[in-house]
Amino acid sequence: MKKQERNLLMITIYDWFGYELPIKDRYQFIKAAGFDGVLLWWSEDFNRNDYRNGPQIAREAGLFIENIHAPIKNQNSLWLDNLDGEALTDCYLQCVADCAEFEIPTMVVHLPSEDKPYNALGLDRIKRITEKAEHLGVNVALENLRNLANVAYVLEQVDSPRIGFCYDCRHHYRHYPSDDLLSMFGSRMMALHLHDNNGSHAQHGLPFDGTMDWSTTMKKITKTNYSGATAIEAMNWDYEHLSAKEFLHKAFERAKRLEALR
């Protein structure tokens, strides 16, 4: 199946960035701010009942779809020998199929937390997901949260070009500041989440509004030879004084600054 093609160093943003907007307005505002593409939330959680219409509406607005984010509601069930574990596995398998159907190259997944250690059943489920991803030509990017041992184990055990890494810069420095995740997993990077540590949530702020060392971070990303988009995963949690359009224009300006550091 033909996938979307991208030029180097394009700029994207997480599509549900915190404002209640009609979906068509959302994507038109994103495009008008200057963004090339979007990262899509892929579930009905958080009242996003029209998520399956997102790809067509985004493309009609002139945006490409960089990836989808798989549901996170039951993310810790993947290793469990019960119906919840099987249901989550089926959910991820469906996300792979959806990527192929909607011509989206990559899906992002949260592995269970550090206090839910990997096991043989979980690895078998990952291998089932890998087989489907290889068959359909879809990338599965494992995002770093407080789950480093699980991510490291799966990437070590599953040697597939379709299983890789989603680097979240703020999660990195929040949970494992002394570990060089980009040296460890940068060769398998498939997605980026860039945001700062300012505000009441200490994450998902606009770049350059917190204490992240962006010069160092972007140089390390560049050293991995990752050629994907500069992807912003900011929320409006502490920017309520800005309109949606103002927030997006500020986000795009910050993304251009990050891009210049690559």
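Visitor: How much space lies in the largest pocket?
Guide: About 330 Å³. Keep in mind that this is a predicted model.

Visitor: Which residues lie nearest its centre?
Guide: W41, I72, H110, H204 and E233 lie nearest the centre of the largest pocket. The lining as a whole has 17 residues.

Visitor: How does that lining divide into nonpolar, polar and charged?
Guide: Seven residues of the lining are nonpolar, six are polar and four are charged.

Visitor: And the second largest pocket, how much space is there?
Guide: The second largest pocket holds about 210 Å³. It is lined by 13 residues, and W16, E20, F46, N47 and R48 are the closest to its centre.

Visitor: What does that lining divide into?
Guide: For the second largest pocket, the lining has seven nonpolar, two polar and four charged residues.

Visitor: Changing topic. How many disulfides does the structure hold?
Guide: Zero. Take C99, which is in no disulfide: the nearest cysteine sulfur belongs to C95 and is 7.0 Å away.

Visitor: Is C99 buried or exposed?
Guide: C99 is buried, and its relative accessible area is 0%.

Visitor: What about C166, which cysteine sulfur is closest there?
Guide: That of C169, at 10 Å from the sulfur of C166. A disulfide here requires the two sulfur atoms to be within 2.5 Å, so the C166 and C169 pair is too far apart for a bond. C166 is also buried, with a relative accessible area of 0%.

Visitor: On to the strands. Which strand pairs with β6, and in which sense?
Guide: Strand β6, residues 163-168, pairs with β7 in the parallel sense, over four bridges. One bridge partner to note is M189 in β7, which is matched with F165.

Visitor: Why is β7 described as largely enclosed?
Guide: Five of the five residues of β7, residues 189-193, are buried, so the strand is largely enclosed by the rest of the structure. Buried means under 20% relative accessible area.

Visitor: Last one, N67. Where does it lie?
Guide: N67 lies in strand β3, which covers residues 64-69.

Visitor: Buried or exposed?
Guide: N67 has 2% relative accessibility, so it counts as buried.

Visitor: Which residues is N67 in contact with, leaving aside neighbours within four places in sequence?
Guide: N67 is in contact with V38, L39, L40, I104, T106, V108 and A191.

Conventions:
Residues are numbered from 1 along each chain as its sequence is written. This is a predicted model: local features need pLDDT of at least 70, side-chain atom pairs count only at pLDDT 80 or more; totals for chains, interfaces and linings use all residues. Side-chain values use heavy atoms; hydrogens and water are left out. Buried means under 20% relative accessible area, exposed over 50%, partly exposed in between (1.4 Å probe, protein chains only). Helices (H or I, at least four residues) and strands (E, at least two) are DSSP runs, numbered from the N terminus. Two strands pair if DSSP finds at least two bridges between them. On a 1 Å grid over the protein atoms alone, a cavity is a set of points where a 1.4 Å probe fits but cannot get out, and a pocket is an open set with protein on both sides within 12 Å along at least five of seven lines; lining residues have an atom within 4 Å of a point. Grid points are joined across faces, edges and corners, and a volume is the space filled by probe spheres set on the points. Ala, Val, Leu, Ile, Met, Phe, Trp, Tyr, Cys and Pro count as nonpolar, Asp, Glu, Lys and Arg as charged, and the others, Gly among them, as polar. Contact means heavy atoms within 4.5 Å.
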